[in-house]
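I opened my notebook to look up the basics of one protein. My entries follow in the order in which I checked things.

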Amino acid sequence: MEAFVGKQYKLDSSEKFDDYMKAVGVGLVTRKMGNAVSPVVELKMDGDQYVLSSTSTFKNVVTKFKPGVEIDDETPDGRKVKSTYNVNGNVITEKQIDSAGKVTIIDRTWSNDEIKMVLKVDNIVCTRIYKAQA
């Protein structure tokens, strides 16, 4: 993952994000805002922790994690979740469990050109592509 540290990636395309947000219980107004923004994602290191940030006009989110260690987290839409991140090569897999016990799996596959983010909850698969910034 070190090759991708410090690079910024901006949201370029999104499929089924509204369906995903509905499935995890995000309200209409927040969904409209979530669909309208194009966040910039960046990965950094802080000692032995990864720092994953998402910056947008809607909300800025910074998550610090160590692979395999469950953390209390908050999603960009404000939901409280328990998250566990694992790193395997150029893929960061996040498992989120919300207060109702609903599980979301988020795979972020990093390359020099893009991040492919696949969010899975229930029977919904959402794909978001972030393109590397110059």
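Entry on secondary structure. I looked at a predicted model, and I found two helices and ten strands in the protein. I then read along the sequence and wrote down the pattern β-α-α-β-β-β-β-β-β-β-β-β. In that pattern, both helices come after one strand and before the other strands.

Entry on the annotated domain. I checked the UniProt record, an unreviewed entry, and it gives "domain: Lipocalin/cytosolic fatty-acid binding" for residues 9-131. I looked up the make-up of residues 9-131 and noted 13% helix and 58% strand. How far apart do the end C-alpha atoms of residues 9-131 lie? I noted 5 Å.

Entry on dimensions. I noted that the C-alpha trace spans about 35 × 30 × 25 Å along the principal axes of the protein. I looked up the radius of gyration, which is 14 Å. A compact globule of 134 residues would have a value near 14 Å, so the protein agrees with that expectation.

Entry on burial and surface. I counted as buried any residue under 20% relative accessible area, and 40% of the 134 residues meet that cut-off. For the exposed area of the protein I wrote down about 7,200 Å², with 49% of it supplied by carbon and sulfur atoms.

Entry on contacts. I took the contacts between residues at least 6 apart in sequence, and 37% of these join residues at least 24 apart.

Entry on charge. How many positive and negative side chains does the protein have? I noted 20 positive and 19 negative ones. The centres of the two sets lie 3 Å apart.

How values were computed. Residues numbered from 1 in each chain as written. Predicted model: local features only at pLDDT ≥ 70, side-chain atom pairs only at ≥ 80, totals over all residues. Heavy atoms only, no water. Helix = DSSP H or I, 4+ residues; strand = E, 2+ residues; numbered from the N terminus. Rg over C-alpha atoms; globule rule 2.2 N^0.38 Å. Buried < 20%, exposed > 50% of the residue type's maximum accessible area, 1.4 Å probe, protein only. Contact = heavy atoms within 4.5 Å. Areas by Shrake-Rupley, 256 points an atom, 1.4 Å probe, with all protein chains shown as cover. Lys, Arg positive; Asp, Glu negative; His and termini not counted. Charge placed at Lys NZ, Arg CZ, Asp CG, Glu CD. UniProt positions renumbered as here; feature names shortened; annotations may be inferred.
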